[in-house]
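Thank you all for coming. Today I would like to walk through one pair of helices and then one pocket, so please keep the picture in view while I talk.

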Amino acid sequence: MARPSYQNRATLYAGVLMSLAIAGGCGKTEVVTVDGSSTVFLISAAVAENLHESRPDVNVVVSQSGTGGGFKKFVAREIDICDASRAISEEEKEACEVAGIDYLEFVVAFDGLAVVVNPTNDWCDKLTVDQLRMIWRKESQDVVNSWSDVNPAWPDIELKLYGPGTDSGTYDYFNEVINGDPKNSRQDYSPDENDNALVTGVAGDEGSLGYFGLGYYIENQDKLKLLAIDGGDGPVKPTVETVRNGGYQPLSRPLYIYVRKDALHKRAVREYLKYYLAHANDVAEGVGYVPVPDEIVAENRATLGKALDEGEPAA
């Protein structure tokens, strides 16, 4: 049987997780709440679904409001776990401190940001970091409007941009490494926190250019054209191998989950985390991301084990 697409899988996860939440509400079963990055959503939701097959008493609801949106809920204690496609910011750290929230950080996978165009685009196969900056920086709004503005040899076709919304960790990361500031981005583009919507936008527009997690490109490569990015050592396309060996720069990154320590008193949270850290590599690879090395697996397990020993959570 063919593996379902990311779009279908996301719909499937939503249905499964809603069912779990309803089931949890019918009794005393605890519910684990997860929100944040749409990139990490694919891993967290797959882990939840797999765990439920063997532990139907552990119910997990996973949502995707973007990394920044997830951290806002995390600080407000509305969720137990925040999925994040970038590291927690200094401002978010301070907000956690003010709210009295201690947390654990786990690296659960690596990802490369795919820069894509419509498959009818026959003039552009690669972009330099300088060209990406020329296209996406704040100062380019109302200035760089066509492909010929980027390179005079390219056609005078309107440049239609698609990217994550401002609550997305992918938005922050891209603008940090390309434009030098996580918030330095033009705003005359089509934003969406849902990467499937970005795929649809790029696939339907001849002059389009967009960026999102590599996994979404891999699943939709028949609808998109992947560009090579030149970070200074020649053009490289993102693949599992080039992300793993560091050859795809500067658009490779770690993916995280953050867990409130005081949520560890919930048995369901503990069981979900133990299963997550034991199976994250297999799940990450299955949804198109790059597994972490053994030393990070060991660090993750040691971090959780120490927190559980120190907290002595109730059974």
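Before we look at the helices, one term: a crossing is called left-handed if the near helix is turned anticlockwise from the far one by less than a right angle, and right-handed if the turn is clockwise. Please also keep in mind that what you see is a predicted model.

With that in hand, look at helix α3, residues 67-75, and helix α4, residues 90-98, whose axes come within 9 Å and cross at roughly 15°. Angles under 35 degrees count as roughly parallel, and α3 and α4 are therefore roughly parallel to each other. Their crossing is right-handed in the sense I have just described. On the α3 side the contact is made by Gly 68, Phe 71, Phe 74 and Val 75, while α4 brings Glu 92, Ala 95 and Cys 96. Sorted by class, the residues of this contact are five nonpolar, one polar and one charged.

Let us now turn to the largest pocket, which holds about 400 Å³ of space. Which residues lie closest to its centre? Of the 18 that line the pocket, they are Arg 86, Ser 89, Glu 91, Glu 92 and Asp 172, and you will recognise Glu 92 from the contact between the two helices. The elements that give two or more residues to the lining are α3, α4 and α7, the last of these spanning 169-179, and α3 gives the most, with four residues. By class, the lining has seven nonpolar, three polar and eight charged residues.

Methods. Residues are numbered from 1 along each chain as its sequence is written. This is a predicted model: local features need pLDDT of at least 70, side-chain atom pairs count only at pLDDT 80 or more; totals for chains, interfaces and linings use all residues. Side-chain values use heavy atoms; hydrogens and water are left out. Axes are lines fitted to C-alpha atoms, for helices over the stretch in contact, and angles run from 0 to 180 degrees between N-to-C directions. Angles under 35 degrees count as roughly parallel, over 145 as roughly antiparallel, 65 to 115 as roughly perpendicular and the rest as oblique. Contact means heavy atoms within 4.5 Å. Ala, Val, Leu, Ile, Met, Phe, Trp, Tyr, Cys and Pro count as nonpolar, Asp, Glu, Lys and Arg as charged, and the others, Gly among them, as polar. On a 1 Å grid over the protein atoms alone, a cavity is a set of points where a 1.4 Å probe fits but cannot get out, and a pocket is an open set with protein on both sides within 12 Å along at least five of seven lines; lining residues have an atom within 4 Å of a point. Grid points are joined across faces, edges and corners, and a volume is the space filled by probe spheres set on the points.
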